[in-house]
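Q: Can you walk me through this one? I'd like the fold, then the ligand site.
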Amino acid sequence: MNRSRPNILITGTPGTGKTTTSELVARELGFRHINVGEWVREKGLHSGWNQEFECFDLDEDKVCDALEDLMAEGGNVVDHHGCDFFPERWFDLVAVLQTNNTELYDRLQKRGYSAQKISENVECEIMLVVLEEASESYRPEIVKPLSSDNTDDLERNVGLIVGWVRGMIGAAAAGAAAGQQQHQQR
Ligand code: DAT
């Protein structure tokens, strides 16, 4: 980790709890929560509305350019359902949230998604598409699949992620102190 604070990516199929989890993690750590979907809409980081998929076509270059300086600074919780187009070097931890089919179906229905969009997303979850994408894009030791079926899971996941991040910050601080001591002894 060559930034003062780590960056975390919280990913997963829509409805698995990324935003809910990211908000709680960011609040607890005092990190910045970046909801990529909202940034895309608010800052126009897209190339127009996709009628078929009922969403904006995200412009990957625009998104990466908009995030680069913040990611170099560190202390970000990035919340997005895709994860293969971000530079690998940006993230120190990638949490992949997973939800069982019935629960996911209910959450997406409550969100008002069309039947087609619900089935596409549930299928994506069954096929472990996001986990596979994360596993292909990042080192296996930083990719953490986490069940997100209920509020107990939510609480546990927030605690785990916060604990991992504090561990990284502590290890980096200890490494820096040891390096400084060695330097002084020379
Ligand atoms: P996402 O950002 O992945 O699309 P969300 O955070 O908006 O998902 O959550 C979708 C809905 O599900 C929302 O009403 C909150 C609820 N929810 C999220 N995580 C949950 C969990 N672990 N247990 C129960 N409900 C959860």
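A: Read along the sequence, this predicted model follows the pattern β-α-β-α-β-β-α-β-β-α-α-α-β-α, where helices (H or I, at least four residues) and strands (E, at least two) are DSSP runs numbered from the N terminus.

Q: How many helices and strands does the chain have?
A: Seven helices and seven strands.

Q: Any caveats?
A: Residues are numbered from 1 along each chain as its sequence is written, and side-chain values use heavy atoms, without hydrogens or water. As the model is predicted, local features need pLDDT of at least 70 and side-chain atom pairs pLDDT 80 or more, while totals for chains, interfaces and linings use all residues.

Q: OK, the ligand. Which residues come nearest?
A: Gly15, Lys18, Thr19, Thr20 and Arg111, out of 15 residues around the ligand; a residue counts if one of its heavy atoms lies within 4 Å.

Q: What polar contacts there?
A: Taking N or O pairs within 3.5 Å, a polar side-chain atom of Thr20 is 2.5 Å from a ligand oxygen. The side chain of Lys18 has an N or O atom 2.8 Å from an oxygen of the ligand, and for Thr19 a backbone N or O atom lies 2.8 Å from a ligand oxygen.

Q: Which elements give two or more residues to the shell?
A: α1 (18–29) and α7 (151–185). The largest share, three residues, comes from α1.

Q: Back to the whole chain, what are its spans along the principal axes?
A: The C-alpha trace covers about 65 × 35 × 30 Å.

Technical notes:
Polar contact = N/O pair within 3.5 Å; in protein donor to acceptor, adjacent residues only side chain to side chain.
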